[in-house]
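I opened this notebook to keep track of what I looked up in one structure, entry by entry. Each entry begins with what I wanted to know and ends with what I found.

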Amino acid sequence: MLKTPLGRFRAVALAEGLSFVVLLFIAMPLKYAAEMPLAVRFTGMAHGLLFVLYLFALMEVAIALRWSFGRVAVAFGASLVPFGNFLLDAKLRKDTQ
């Protein structure tokens with residue numbers, strides 16, 4: 001999976017999507033309900049790093065596969081919506097089969 005630009009993008013997208021879901025639905029409630037701000041600090045830091053990696057992987061796959069601006073915009077938008085990366089991955093998997 002990590003040998004192609006698309007495979008690397010899908011792997012980073014899944015990790016970034018998972019970190020976003022953990023940040024929103026686990027770390028944030030822990031911060032405000034259980035007064036554990038470190039959960040957001042560490043999860044947020046990991047998510048930030050994965051988001052930057054996502055942008056680099058998106059740039060790599062867009063250049064390698066000559067994605068249109070619209071497709072790149074949809075992939076970027078998917079990273080901003082909870083569970084968006086998982087939906088994008090399902091579409092990419094379906095398109096490559």
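The entries below go through two residues, a cavity and a pair of helices.

**Entry 1: the model.** I note before anything else that this is a predicted model, and I keep that in mind for each value that I write down here.

**Entry 2: H47.** I asked first whether H47 is buried or exposed. I found H47 in helix α2, which covers residues 37-64, and its relative accessible area is 12%. Because the limit for calling a residue buried is under 20%, H47 counts as buried. I then looked up which residues H47 touches, leaving out those up to four places away in sequence, and the list I wrote down is E16, S19, F20 and L23.

**Entry 3: A33.** I turned next to A33, which has its place in helix α1, residues 5-33. With a relative accessible area of 72%, A33 is exposed, since the label exposed is given to values over 50%. I also looked up how A33 is placed with respect to W67: the two are 34 residues apart in sequence, and from C-alpha to C-alpha they are 43 Å apart in space.

**Entry 4: the cavity.** Rolling a probe the size of a water molecule over the atoms shows where empty space is left. I searched the whole structure for cavities of 30 Å³ or more and found one, and for the largest cavity I noted a volume of about 30 Å³. Which residues line the largest cavity? I listed E16, G17, F20, V21, A78, S79, V81, P82, F83, G84, N85 and F86. The elements that give two or more residues to this lining are α1 and α4, the latter being residues 84-96, and the largest share, four residues, comes from α1. Sorted by class, the lining has seven nonpolar, four polar and one charged residues.

**Entry 5: α3 and α4.** Two packed helices are described by the angle between their axes and the distance between the axes, and I therefore looked up both values. The axes of helix α3, residues 69-78, and of α4 come within 8 Å and cross at roughly 140°. That angle makes α3 oblique to α4, as the label roughly antiparallel is kept for angles over 145 degrees. On the α3 side I found that R71, A75 and A78 make the contact, and on the α4 side G84, N85, L88, L92 and D95. By class, this contact of α3 with α4 has four nonpolar, two polar and two charged residues.

Key: Residues numbered from 1 in each chain as written. Predicted model: local features only at pLDDT ≥ 70, side-chain atom pairs only at ≥ 80, totals over all residues. Heavy atoms only, no water. Buried < 20%, exposed > 50% of the residue type's maximum accessible area, 1.4 Å probe, protein only. Contact = heavy atoms within 4.5 Å. 1 Å grid on protein atoms, 1.4 Å probe; cavity = no way out; pocket = protein on both sides within 12 Å on 5 of 7 lines; lining within 4 Å. Points joined across faces, edges and corners; volume = space filled by probe spheres on them. Nonpolar A, V, L, I, M, F, W, Y, C, P; charged D, E, K, R; others polar. Axes fitted to C-alpha atoms, helices over the stretch in contact; angles between N-to-C directions. Parallel < 35°, antiparallel > 145°, perpendicular 65-115°, else oblique.
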